[in-house]
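Take a look at the structure below. We will follow its aromatic rings.

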Amino acid sequence: MGLDIGIIRVDYLPRPSGPAYAFAWELAGQETAAGYMTGEGGSWGWIERRQVSALLADFAARRGLSAPERARVEAWVASLPWDGADAVELHFGW
């Protein structure tokens, strides 16, 4: 058995707007994400689509999103680079 070493690369996605931007900020602080790490100016971790769907339902209810607003957030969520296991690793920088 040997030690494998790799480089982590971040590919920045287009910044969402409107309620999707507010939802992205909520995702940035989710400690439910596996491997979640946070520090000064950023966080990262992976999260499953089912978790994001539950978080979105809660977010939409708390914010009183209209159907079109929720649809815009859902479209942004659908555009994320989901893997074959319906999970995504996200990096948030601020």
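Start with Phe23. Its relative accessibility is 1%, so Phe23 counts as buried. The model here is a predicted one.

Where does the ring of Phe23 find a partner? Phe23 forms an aromatic pair with Phe59. The two ring centres are 5.2 Å apart, and the planes meet at 55°. That makes the pair tilted, because angles under 30 degrees count as stacked and those over 60 as edge-to-face. Phe59 is buried too, with a relative accessible area of 0%.

Now place these two rings on the chain. Phe23 sits in helix H1, which covers residues 18-28. Phe59 sits in helix H2, residues 49-63. The two are 36 residues apart in sequence, so their pair ties together separate parts of the chain.

Move on to Trp25 and Trp94. Their ring centres lie 5.6 Å apart. Their planes are at 45°, so this pair is tilted. Trp25 belongs to helix H1. Trp94 is in the segment after strand S3 (87-93). With their positions 69 residues apart in the chain, the pair links distant parts.

Are these two tryptophans, Trp25 and Trp94, buried or exposed? Trp25 has a relative accessible area of 44%, so it is partly exposed. Trp94, at 48%, also counts as partly exposed. Both values fall between the 20% limit for buried and the 50% limit for exposed.

One more residue joins in. Ring pairs connect Tyr21, Trp25 and Trp94 into a cluster. Across the whole structure, a search finds three aromatic pairs.

Terms used. Residues are numbered from 1 along each chain as its sequence is written. This is a predicted model: local features need pLDDT of at least 70, side-chain atom pairs count only at pLDDT 80 or more; totals for chains, interfaces and linings use all residues. Side-chain values use heavy atoms; hydrogens and water are left out. Rings of Phe, Tyr and Trp (its six-membered ring) pair if their centres lie within 6.5 Å; planes under 30 degrees apart count as stacked, over 60 as edge-to-face and the rest as tilted. Helices (H or I, at least four residues) and strands (E, at least two) are DSSP runs, numbered from the N terminus. Buried means under 20% relative accessible area, exposed over 50%, partly exposed in between (1.4 Å probe, protein chains only).
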